[in-house]
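Hi,

Here's the structure I said I'd pass along. Have a look first, and my notes on what turned up follow underneath.

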Amino acid sequence: MTDEMRKDFTRRLSNTNRSGMVVIIYDIFFENIDEARSYLAKGEKDAFKESLRKADAVLVDLRDSLNFDYELSYTLFSLYKYARERLVVSLIKRDPSGMDEACAVMEKLYSAFCKVAEADDSAPIMQNTESVTVGMTYGRGTLTESCDTGANRGFLA
């Protein structure tokens with residue numbers, strides 16, 4: 001993952017609510033899978049393994065954040081477990097079929113979480129973050145970003 005992608009994910013995470021955070025975590029999963037596919041095609045075994053391990057870590061985080069007070073969590077747990085098993089198959093065989101199966105499951109869940117996030121109008125999780133406006137002005141071939149840090153940003157005593 002490039003530094004620009006990391007900055008983009010960080011910016012998105014700092015301005016989102018709980019439902020939006022899940023969508024962003026799924027985006028990170030898909031980005032790691034895309035990188036793994038790219039490395040597999042290039043024959044870069046170590047980078048392929050690392051990208052798959054990062055995708056697996058995302059699944060572990062999703063699994064560990066489940067609240068088992070709700071019945072749906074048990075179903076999600078099983079789906080995350082299946083997706084992890086498929087990633088292991090891809091890792092061992094160096095074959096994209098396991099990644100394809102894991103992505104098929106995750107894409108269905110992703111679309112459901114996107115619909116939930118659209119309907120969620122709760123406040124962002126992080127308070128006192130800078131607001132970023134993109135595209136108010138532009139340069140030659142690029143968009144510029146302006147940040148409003150505000151007077152109350154950071155720790156308040």
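What caught my eye to begin with is a helix pair: α4 passes α5 in a left-handed crossing. Before you read too much into that, bear in mind that this is a predicted model.

Some geometry for that pair. α4 covers residues 72–93 and α5 covers residues 97–119; they pack with axes 7 Å apart, at an angle of about 150 degrees. Anything over 145 degrees counts as roughly antiparallel, so α4 and α5 get that label.

Who does the touching? On the α4 side, the contact is made by L76, L79, Y80, Y82, A83, R86, L87 and S90. Facing them from α5 are S97, G98, M99, E101, A102, V105, M106, L109 and F113. Sorted by type, the residues of this contact come out as 12 nonpolar, 3 polar and 2 charged.

Then there's the loop between α4 and α5, which is where R94 is found. Its backbone is worth a glance: phi of R94 is near 50 degrees, a positive value in a residue that isn't glycine. Most residues other than glycine have a negative phi. As for its surroundings, R94 is partly exposed, with a relative accessible area of 38%.

On to the inside. The largest nonpolar core has 24 residues, and the members that touch the most others are F29, I33, Y80, L87 and M106. You'll recognise Y80, L87 and M106 from the α4–α5 contact. Two or more residues of the core come from each of α2 (18–42), α3 (45–64), α4 and α5. The biggest giver is α2, with 7 residues.

If you want one residue to click on, try F29. Leaving out residues up to four places away in sequence, F29 touches A55, V58, L59, L87, C103 and M106. Two of these partners, L87 and M106, are also on the list of best-connected core members.

Finally, the chain overall. There are 5 helices and 2 strands, and along the sequence they follow the pattern α-α-α-α-α-β-β. The chain has 157 residues, of which 27% count as buried. Among contacts with a separation of 6 or more, 58% are between residues 24 or more positions apart.

That's what I have for now. Shout if anything looks odd on your side.

Cheers

Methods:
Residues numbered from 1 in each chain as written. Predicted model: local features only at pLDDT ≥ 70, side-chain atom pairs only at ≥ 80, totals over all residues. Heavy atoms only, no water. Axes fitted to C-alpha atoms, helices over the stretch in contact; angles between N-to-C directions. Helix = DSSP H or I, 4+ residues; strand = E, 2+ residues; numbered from the N terminus. Parallel < 35°, antiparallel > 145°, perpendicular 65-115°, else oblique. Left-handed = near helix turned anticlockwise from the far one by under 90°. Contact = heavy atoms within 4.5 Å. Nonpolar A, V, L, I, M, F, W, Y, C, P; charged D, E, K, R; others polar. Core = buried A, V, L, I, M, F, W, Y, C linked by side-chain atoms within 4.5 Å. Buried < 20%, exposed > 50% of the residue type's maximum accessible area, 1.4 Å probe, protein only.
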